[in-house]
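Me: I should like to understand the reasoning behind several descriptive terms applied to this structure. Please set each value against its cut-off.

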Amino acid sequence: MELSILLPFIVNVIIGGLVLGFVYAIIALGYTMVYGVLQLINFAHSEVFITGAVVGFEVFRILQDSAMNGYLKLLIALLAAMAVSGLLNVLIERLAYRPLRGSPRLVPLITAIGVSLILQDTLRFLEGLQGRFDLTYTLPAGFGDKFCAAESTCAPVGNFLRTIGVDVQLKDVILVVVALVSLGALNYVVNRTRLGKAIRAVSQDRVTAGLMGIDSNLMISATFLIGGALGGVSGVLFGLKFGTINAYSGFDPGIIAFTAAVLGGIGSIPGAVLGGLLLGVIQNLIGVTNIFGNLLGLANLGTIDASYSKIGPFIVLVLILIFKPTGLLGKSNVEKV
Amino acid sequence: MTQSTTQPSTQPTTAPTPSQTTPDISGSAMLELGDIHSYYDHIHALKGITLKAYEGEIVALIGGNGAGKTTTLRTISGMMKPRTGTLTYLGEDIAGKPAHKTMQMGMSHVPEGRRIFPQLSVRENLEVGAYTITDRKLIEERVQEGFAYFPRLKERENQLGGTMSGGEQQMLAIARALMVNPRLLLLDEPSMGLSPLFVEAIFDIIVKLNKDHNTTVLLVEQNANMALAIAHRAYVLQTGEMKLSGKASDIAKDESVRKAYLGDE
Ligand SMILES: Nc1ncnc2c1ncn2[C@@H]1O[C@H](COP(=O)(O)OP(=O)(O)OP(=O)(O)O)[C@@H](O)[C@H]1O
Ligand SMILES: [Mg+2]
């Protein structure tokens, strides 16, 4: 294959991987923040996140015939998903994890898996009542178009991207912008506010935080609220990207995002973002290994195609656990939450 | 005893003079423990502790390793619950009240082992110490006051707490506790790990706080000579029981105390 075709192709694969990676990054934040305060892997987070995707679906469905501006619909979907997923996460902690505080670590872990299963089937039941299983997003008009294809003020940007062979849809750009805004907001809350400092203090030393007058239970709830709200955002972004979801769709991206959190160093916020982006790119690259196979004359690799792409993150997980269990940005030199 | 290894012999003579003011100890006490029993699971750590601290007093709590000094402070601040006994602070029953609530009542506790937040900067540690204060200007004033007490902290303002030296962390722990301008200050071995010069500085600060702000101080110290030199009254703990109490100057003269805790042969 000619380099002139291959290069833009790889660039597109990487850009696609980064877009996917932003979704993983936002999901991974939910795992890493909760781990930061409780040293608990909240396996229910994949369902907290997919609940956000379902809420997003419902908002777009209810508003599908409304003449409302598409971005306003998206904003409503995001806020509704944040509220529902955030409160759901708080409720899970309050009802399922708090009573188990102080018991061996395996106990809340298994509880988390149980909560995850309960939520999956509850979501399926609720949508099943209305005769639905697979939920297909009805996106506002234009979201699926090529970025800057039409509008004359913006078209030069779109033309430029096409000239260099980069091909993105409007919804991909929206996804990245929403993700960046979420990351900025989280960074501000965690590093600049009184609440953020208190959450960090609780995650570093809960007992001593109490001596500072900080109610650690309140801060743990706040962490679940923030982590859950981010899960809601990522759910809507996931729906935006993939179009069709169901009650069980949270599992795969959940486990990949968890891997991302471990890769970056569990408990580390920048680590979760880095891990998410890396895994998104790795997954997309592995999905096109057959291209490399042709290029390098390794024809037998040609049988590896996109359906194997999820192997990538798990190979990474195994490698990271063997060679650097603290993760890329883990431990001493990084801010935990 | 082994005290002489950690404590230069010159210290007793250079210790700051005790507070000249004589606190009123006739009325009702600011802090009162009545027959307090505290446990760690099955370990009976406090076996009926009775103790009072009056407003404006410096009260020293001395005793050997494992006597229960730390446990007494933990019980007062709410880090642990006494199993039986009475605990009143400012006229309110605070037995079993969680620490974050008692700390909102004007109490500060410098815990054993400093417990600096390792991943927060020096400034952030101080700001977290001021968590119960919402007025940003006041917080900044207090941070500057802390820097004035310990200029070293100002030099290290943006360094992570966990990377500070042991002595620097001790300074930070004390500065952090002072952020709320406490009415009652619980100090668990504030001189631990400090060089003699800084030990003196710390004791000066305690006396100054007591004089200028009328801060009540409950002081746990291995450095018993110095503690008794600045305290008004003192209690001697032994294996969870209150062995002796009285005026600090009398305790300092007591034969058995001198033998056990003050390094006399
Ligand atoms: N977390 C704990 N779990 C079990 N036992 C404990 C715990 N902390 C203290 N103890 C026990 O309680 C008793 C009192 O301990 P405490 O820490 O109050 O002593 P201390 O007077 O502060 O001693 P030191 O001068 O060595 O600091 C000791 O016998 C100790 O072994
Ligand atoms: Mg102690």
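Me: Which residues does B:Thr75 touch, leaving aside those up to four places away in sequence?

Reply: In this predicted model, B:Thr75 touches B:Ile36, B:Ser38, B:Leu46, B:Met80, B:Pro82 and B:Leu87. B:Thr75 itself is placed in helix H3 of chain B.

Me: Why is B:Thr75 called buried?

Reply: The relative accessible area of B:Thr75 is 2%. Buried means under 20%, so B:Thr75 is called buried.

Me: What makes B:Thr70 and B:Glu112 donors of the magnesium ion (ligand 2)?

Reply: Donors are N, O and S atoms within 2.8 Å of the metal. The OG1 atom of B:Thr70 and OE of B:Glu112 lie 1.9 to 2.2 Å from the magnesium ion, and therefore count as its protein donors. This pair links distant parts of the chain, 42 residues apart: B:Thr70 is in helix H3 (residues 69-77) of chain B, and B:Glu112 is in the loop between strand E6 (107-110) and helix H5 (122-129).

Me: How do you know whether B:Thr70 is buried or exposed, and what term applies to B:Glu112?

Reply: B:Thr70 has a relative accessible area of 13%; the limit for buried is under 20%, so B:Thr70 is buried. For B:Glu112 the value is 34%. Exposed requires over 50%, and partly exposed lies between the two limits, so B:Glu112 is partly exposed.

Me: Why is A:Leu29 called buried, and what does A:Leu29 touch?

Reply: A:Leu29, in helix H1 (residues 3-38) of chain A, has a relative accessible area of 0%. Because buried means under 20%, the term applies to A:Leu29. Not counting residues up to four places away in sequence, A:Leu29 touches A:Leu183, A:Leu186, A:Leu230, A:Ile269, A:Ala272 and A:Val273. A:Leu29 and A:Gly227 are 198 residues apart in sequence, yet 6.6 Å apart in space, C-alpha to C-alpha.

Me: What makes H3(A) oblique to H4(A)?

Reply: Helix H3 (residues 70-97) and helix H4 (residues 106-128) of chain A pack at an angle of about 130°, with axes 11 Å apart. Roughly perpendicular covers 65 to 115 degrees and roughly antiparallel begins over 145; the angle falls in neither range, so H3(A) is oblique to H4(A). From H3(A), the contact involves A:Leu88, A:Ile92, A:Ala96 and A:Tyr97; from H4(A), A:Pro108, A:Thr111, A:Ala112, A:Val115 and A:Leu119. These residues comprise 8 nonpolar, 1 polar and no charged. The crossing of H3(A) and H4(A) is right-handed.

Notes: Residues are numbered from 1 along each chain as its sequence is written. Chains are lettered from A and ligands numbered from 1 in the order in which they are written. This is a predicted model: local features need pLDDT of at least 70, side-chain atom pairs count only at pLDDT 80 or more; totals for chains, interfaces and linings use all residues. Side-chain values use heavy atoms; hydrogens and water are left out. Axes are lines fitted to C-alpha atoms, for helices over the stretch in contact, and angles run from 0 to 180 degrees between N-to-C directions. Helices (H or I, at least four residues) and strands (E, at least two) are DSSP runs, numbered from the N terminus. Angles under 35 degrees count as roughly parallel, over 145 as roughly antiparallel, 65 to 115 as roughly perpendicular and the rest as oblique. A crossing is left-handed if the near helix is turned anticlockwise from the far one by less than a right angle, and right-handed if clockwise. Contact means heavy atoms within 4.5 Å. Ala, Val, Leu, Ile, Met, Phe, Trp, Tyr, Cys and Pro count as nonpolar, Asp, Glu, Lys and Arg as charged, and the others, Gly among them, as polar. Donors are N, O and S atoms within 2.8 Å of the metal (3.2 Å for Na, K and Ca); water is not among the atoms, so sites may look incomplete. Buried means under 20% relative accessible area, exposed over 50%, partly exposed in between (1.4 Å probe, protein chains only).
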